[in-house]
Amino acid sequence: MMPIRITSWVLVLLCSSAPTIAQPTMRVHVDATELPRKLLRSSLEFNAPGDTVTLLYPEWIPGIHAPRGPVQNLAGLVPRDSGGAVLRWERDWSNMYCLLVLRDRDLRPQLTVDLTYITNQPSTNSKGVDAFGAHTLGIINWNTVLLAPEGVDPATLLVELELTLPSGWQAGSALKVASRAGDRIRFEPVTYEQLIDRPLICGLHFREIELARTDGATYWLDMVADEARDLPQADSTLAPLTALVLESEALFGPAPHFGDYRFLLVVSDQAPRLGLEHRESSLNSAKADAFRDLDWISNGLGYLLPHEFVHAWVGKYRRPVGMVTGDFHTDKNTEGLWVYEGLTQYLGNVLAVRSGLMTFDEFRETLVRYTSVRLREQGRQWRPLRDTAVAGYTLRGGSGSWGLLRRGQSYYVEGALTWLDFDARLRERSAGLHNLDEFCRSFFGDGDRQRTTVPFATQDLVQALGRLDPKVDWADLVKTRIEETQERFPADWVESAGYRIELVDEVPASLKKRETRGKFIYLGESLGLTVMNTGEINSVTPGGVADVAGIHPGIVIAGVDGLKFSAYRLRAAVEDSPETGHVELLILDGDRFVIFDLPYDGGRRYWSATRREERIDRLRDIATPRRPTENSNH
Ligand SMILES: [Zn+2]
């Protein structure tokens, strides 16, 4: 039988360090000295009355949009009473995140809980909010080693945090250091909610670079790396990052809702690839060679850093109302992810091109690539975009088999194209007078540092867009694009932006790079296939040539036109198809060889955006830098 759960708590002040304002307080010491051995330990001290104390391990962590706090990695939970006696605990069988501490003799409210956490084994959804350790560096997301009594408001619970690092390591975080003695750091107190929003990177090889200091804020790049030589110097190679933060002020306004912003970047082959947004920082990673032969698109940072940075406004400062619950446990309605992630994906690319992290050609080709996937995604005929957002975390990771039928986390890219459509539409209809920048500034840019997360509903978006162009039925546009199924993706942005998309036989330069990097062959518009360089069929376009012939994902191409498979031979067979009229594939399906003779004579085919000279190039307008350089001393 379950013990009775007491849901209403009044935390009593810790008598030894009573702050001047009566506020519930928790004292936390995190011991990171064993991070290289994949262990992180914490000791929590707080007051909670009663004979049964209900403790909650953070479950819904902002940013991953999933009830997947990595509770499975706990390797030690030892509660003690005020006299130091170990207390019994048990888990609520109906809630894996709910742990009950049972007190029978000493009922004084003081409680100590020691936690041990195993790092480096995230689940599909927990990567961005997990903890990692390697020989010379580590990532600490505090939610992995925290618990709080049920019923306590995370926005008022004050945490006094101390951290012990491995010998000689440095750390970067949006947390402010109060003092440091040797490897022990004491931070200025923050609330439980703020602490979970301020992860920390640490390591032996650390560099902090000031990117820009404006009237509104100071922007920092904090980095750790496997080896010191992997860290860039503060030189002209980082100029696009300075441009990025200045462009963000030109977009959202010169008075952001933070005083300091930190890009936390782990440059490592030991740590996983991740990116997660926070209100005053972002947690990012890149491969160890990211800054050698620097190419912001190839190393992924040209997409990642602007995306996570935009989230400081879109998602952290303002958030869809269903995702604002004020705690880490109430289920969240994620239907607004087409804005939270989609608008961020769009603005991330816009800021990337405005700041020089990507070229205009890369910007245009990225948008065309997004569009080409949407055009092949037949899953829209049964599943509206809204549903990919509602079910978002169930679609993360996992098998890509028949992904274009199932749909994936389409709210990112299709959300981005929806906002591009809105932007191009506003510009075209107003002859360049109005644009989405105005919407961003009025909706996200009032910069109030006192307010936490400001929620918004779809209706608020519709009203704000309506103020820019009242003649567009924005509510209907949102309904048809987001909430309804579609026969085919409406690529209306192309025309509004002054382009047409057409099939060409020249491989786009950015696709060529992606094919080399990703070791695959893209034949989406020709045979309706994506094939790994090993011959494995990665994706099949529903309704495409290969699909109609009966080919499915996961099987392996062993031969092409009577010869052994190679990437070169497959590409050549497609290229020669106008003369041959077919492509013959020998397929290994399990332990069975099968020949598929595909009737195809279209040659190489790729979508490309071509200018319509009679129209204004709105895409070029969108990509043009806005920064008022006189506002900065850089
Ligand atoms: Zn995001």
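Which residue in β7 is the bridge partner of Leu-74? The close-ups below start from that pair, and the model they show is a predicted one.

**View 1. Strand β7 pairs with strand β4 and with strand β2.**
Leu-74 has Tyr-117 as its bridge partner in β7. This contact belongs to the antiparallel pairing of β4 (residues 74-80) with β7, which runs over six bridges. Strand β7 (residues 110-118) also pairs with β2 (residues 39-47), again in the antiparallel sense, over nine bridges. To find your way along that second pairing, look for Ser-42, which stands opposite Leu-115 in β7. As a general reminder, strands of a sheet pair through backbone hydrogen bonds, either parallel or antiparallel.

**View 2. An open sheet is built from four strands.**
Here the strand order is β5-β6-β3-β10, with antiparallel pairing. The edges are formed by β5 (88-91) and β10 (148-149), each of which pairs on one side only. Inside this sheet, β3 (residues 52-56) and β6 (residues 98-102) are joined in the antiparallel sense by five bridges. A handy landmark is Leu-56, whose bridge partner in β6 is Cys-98.

**View 3. Glu-45 and Arg-27 form a salt bridge.**
The structure holds 48 salt bridges, and in this one the closest N and O atoms are 3.4 Å apart. The pair links distant parts of the chain: Glu-45 sits in strand β2 and Arg-27 in strand β1 (residues 25-31), 18 residues apart. Glu-45 counts as partly exposed because its relative accessibility is 31%. Arg-27 is likewise partly exposed, at 24% relative accessibility.

**View 4. Lys-316 and Asp-197 meet in a salt bridge.**
The distance from N to O in this pair is 3.3 Å. Lys-316 lies in the loop between α3 (301-310) and β22 (318-320), while Asp-197 lies in the loop between α1 (192-196) and β16 (200-203); the two are 119 residues apart and link distant parts of the chain. Are these residues buried or exposed? Both Lys-316 and Asp-197 are buried.

**View 5. Glu-484 and Lys-479 form a salt bridge, shown with a separate network.**
Between Glu-484 and Lys-479, the closest N and O atoms are 3.0 Å apart. Glu-484 is partly exposed, with a relative accessible area of 31%, and Lys-479 is partly exposed too, at 39% relative accessibility. Elsewhere, Arg-354, Asp-423, Arg-427, Asp-437 and Arg-626 are joined into one network by salt bridges that share partners.

**View 6. Lys-519 is part of a patch of positive charge on the surface.**
Gathered in this patch are Lys-127, Arg-273, Lys-287 and Lys-519. If you zoom in on Lys-519, you will find this residue in the loop between α14 (509-518) and β25 (520-523). With 53% relative accessibility, Lys-519 counts as exposed.

**View 7. Asn-120 and Asp-293 each have a positive phi.**
Most residues other than glycine have a negative phi, so a positive value invites a second look. Asn-120 is not a glycine, yet has a phi of about 65°. Asn-120 lies in the loop between β7 and β8 (132-133) and is partly exposed, at 29% relative accessibility. Asp-293, also not a glycine, has a phi of about 45°. Look for Asp-293 in the loop between β21 (281-286) and α3; this residue counts as exposed because its relative accessibility is 77%.

Technical notes
Residues numbered from 1 in each chain as written. Predicted model: local features only at pLDDT ≥ 70, side-chain atom pairs only at ≥ 80, totals over all residues. Heavy atoms only, no water. Patch = residues over 30% accessible without salt bridge, like charges linked within 9 Å, V, L, I, M, F, W, Y side chains within 5 Å. Areas by Shrake-Rupley, 256 points an atom, 1.4 Å probe, with all protein chains shown as cover. Salt bridge = Lys/Arg side-chain N within 4 Å of Asp/Glu carboxyl O. Lys, Arg positive; Asp, Glu negative; His and termini not counted. Charge placed at Lys NZ, Arg CZ, Asp CG, Glu CD. Buried < 20%, exposed > 50% of the residue type's maximum accessible area, 1.4 Å probe, protein only. Pairing = 2+ DSSP bridges.
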